[in-house]
Amino acid sequence: MGEYIKFEPSKEPLYGEYKKWNMYLFHKDKLLVKIDGDKFIIPNGDDIKRLKLDVYHLQCLGAYEKTDCYSGEIEEIKDDEYKFIDLRTYSKNISHDEFLVGAKALLLLDHVRNNQKCGVCGTKMIMKVSGNDRAMICTNCDNMVWPKTAPAIIVAVTKEDKILLAHNKMFPEGTYSVLAGFVEMGETFEDCVKREVFEEVGIKVHNIKYFGSQPWPFPNSMMIGFTAEYLEGEIKVDNEEIVDAKWFSKEEARKISRKSISISSDLVEWFVNR
Ligand SMILES: [Zn+2]
């Protein structure tokens with residue numbers, strides 16, 4: 001499967017011995033990397049053995065391109081060859097797929113260390129052994145906690161040959177993007193698209209179609225992208241998050257959109273190239 005799907009989740013190593021493992025180790029949410037010129041390299045099992053590190057909450061993540069990957073937490077170390085960096089810095093230096101492996105590692109570590117005690121009865125929790133899921137289970141009351149992800153929709157709304165782009169007050173001056181928002185509990189993605197667009201810019205949409213998805217691990221979100229067509233209404237911004245919204249032609253959208261690793265720039269690109 002390693003060629004069909006680059007990352008194979010697994011609680012047990014699938015390939016090679018520990019020397020070849022990729023070790024994603026964190027201290028205060030910063031990733032330990034080996035410095036090689038301007039490149040960041042994930043240390044392997046041999047490097048970690050040499051550094052004589054105690055690793056806490058060690059978990060096998062699965063394999064990336066047929067190399068087993070582990071996550072864990074370590075104390076701070078001082079070594080000229082190594083450095084701790086945050087995931088945003090790491091993302092600028094490597095491919096998006098590799099970045100996501102680092103993100104998975106931090107998400108798994110968070111899940112394990114945030115669920116050491118049961119939220120119902122306060123007793124110790126342990127990783128469930130059976131099955132391939134990552135549930136933590138209470139040793140007293142059987143309460144189970146699965147890794148949490150917060151879904152958010154992101155949508156490109158079009159009206160004939162124009163796209164709706166909005167300026168969020170958090171954005172840098174003069175930049176516009178597609179609309180996005182968190183899914184409420186018990187809400188379908190489609191209803192969330194309708195509600196978010198209506199709340200933020202006061203228009204109704206239809207013909208909602210799935211576009212793609214992107215994990216957004218800052219800290220544990222999942223963006224689900226859609227396209228939708230204008231149905232009715234006039235633009236009226238909420239002034240809470242969105243302070244301006246307009247219909248843009250392809251030419252204008254090309255000029256004003258922000259290029260980024262996010263699915264939002266893929267949606268704008270889809271519109272200007274359609
Ligand atoms: Zn319990």
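**Figure 1. Strands β8, β9 and β10 form an open sheet of three strands in that order, with antiparallel pairing.** This is a predicted model, in which local features need pLDDT of at least 70 and side-chain atom pairs count only at pLDDT 80 or more, whereas totals for chains, interfaces and linings use all residues. Residues are numbered from 1 along each chain as its sequence is written, and side-chain values use heavy atoms, with hydrogens and water left out. The edges of the sheet are β8 (125-127) and β10 (144-145), each of which pairs on one side only. Strand β9 (residues 136-138) is joined to β10 by two bridges in the antiparallel sense, and Met 136 stands opposite Val 145 in β10. Strands are DSSP runs of E with at least two residues, helices are runs of H or I with at least four, and both are numbered from the N terminus. Two strands are said to pair if DSSP finds at least two bridges between them.

**Figure 2. Strand β2 (residues 22-27) is largely enclosed by the rest of the structure, because six of its six residues are buried.** A residue is buried at under 20% relative accessible area, exposed at over 50% and partly exposed in between (1.4 Å probe, protein chains only). In a regular strand the side chains alternate between the two faces of the sheet. Both faces of β2 are covered: Asn 22, Tyr 24 and Phe 26 are buried on one side, and Met 23, Leu 25 and His 27 on the other.

**Figure 3. Strand β2 is bridged to both β6 and β3.** Strands of a sheet pair through backbone hydrogen bonds, either parallel or antiparallel. With strand β6 (residues 67-73), β2 runs parallel and shares five bridges; Phe 26 stands opposite Glu 73 there. With strand β3 (residues 30-36), β2 runs antiparallel and shares two bridges. The bridge partner of His 27 in β3 is Lys 30. A hairpin is formed by β2 and β3, with two residues between them, and Lys 28 in the turn has a positive phi of about 50 degrees.

**Figure 4. A salt bridge between Lys 6 and Asp 97 links distant parts of the chain.** A salt bridge is counted where a side-chain nitrogen of Lys or Arg lies within 4 Å of a carboxyl oxygen of Asp or Glu. In this pair the closest N and O atoms are 2.9 Å apart. Lys 6 belongs to the segment before β1 (7-9) and Asp 97 to helix α3 (residues 96-113), with 91 residues separating the two. Lys 6 is partly exposed, at a relative accessible area of 36%, and Asp 97 is also partly exposed, at 35%.

**Figure 5. Further salt bridges join Asp 133 to Lys 128 and Arg 195 to Glu 187.** Side chains of opposite charge can pair when their charged atoms come close. The rule used here yields 13 salt bridges. The N-to-O distance is 2.6 Å for Asp 133 and Lys 128; Asp 133 is partly exposed at 23% relative accessibility, whereas Lys 128 is buried at 17%. In the pair of Arg 195 and Glu 187 the closest N and O atoms are 2.6 Å apart, and both residues are buried. Salt bridges with shared partners also join Asp 29, Glu 73, Asp 110 and Arg 113 into one network.

**Figure 6. The end-to-end span of helix α3 agrees with its expected value.** The expected span of a helix is 1.5 Å times one less than its number of residues. The 18 residues of α3 should therefore span 26 Å, and the end C-alpha atoms are 26 Å apart. Buried residues in α3 include Phe 99, Leu 100, Val 101, Leu 106 and His 111.

**Figure 7. Ser 264 is found in helix α6 (residues 263-272).** Its relative accessibility of 11% counts as buried. Apart from neighbours within four places in sequence, Ser 264 is in contact (heavy atoms within 4.5 Å) with Ile 154, Ser 177 and Val 178.

**Figure 8. The protein comprises six helices and 16 strands.** Of its 274 residues, 43% are buried, and its C-alpha atoms fill a box of roughly 65 × 50 × 35 Å along the principal axes. The mean pLDDT, the predictor's confidence in each residue from 0 to 100, is 93, and 99% of the residues reach 70 or more. Confidence is lowest in helix α2 (residues 87-91), at a mean of 89, and highest in helix α4 (residues 189-201), at 98.
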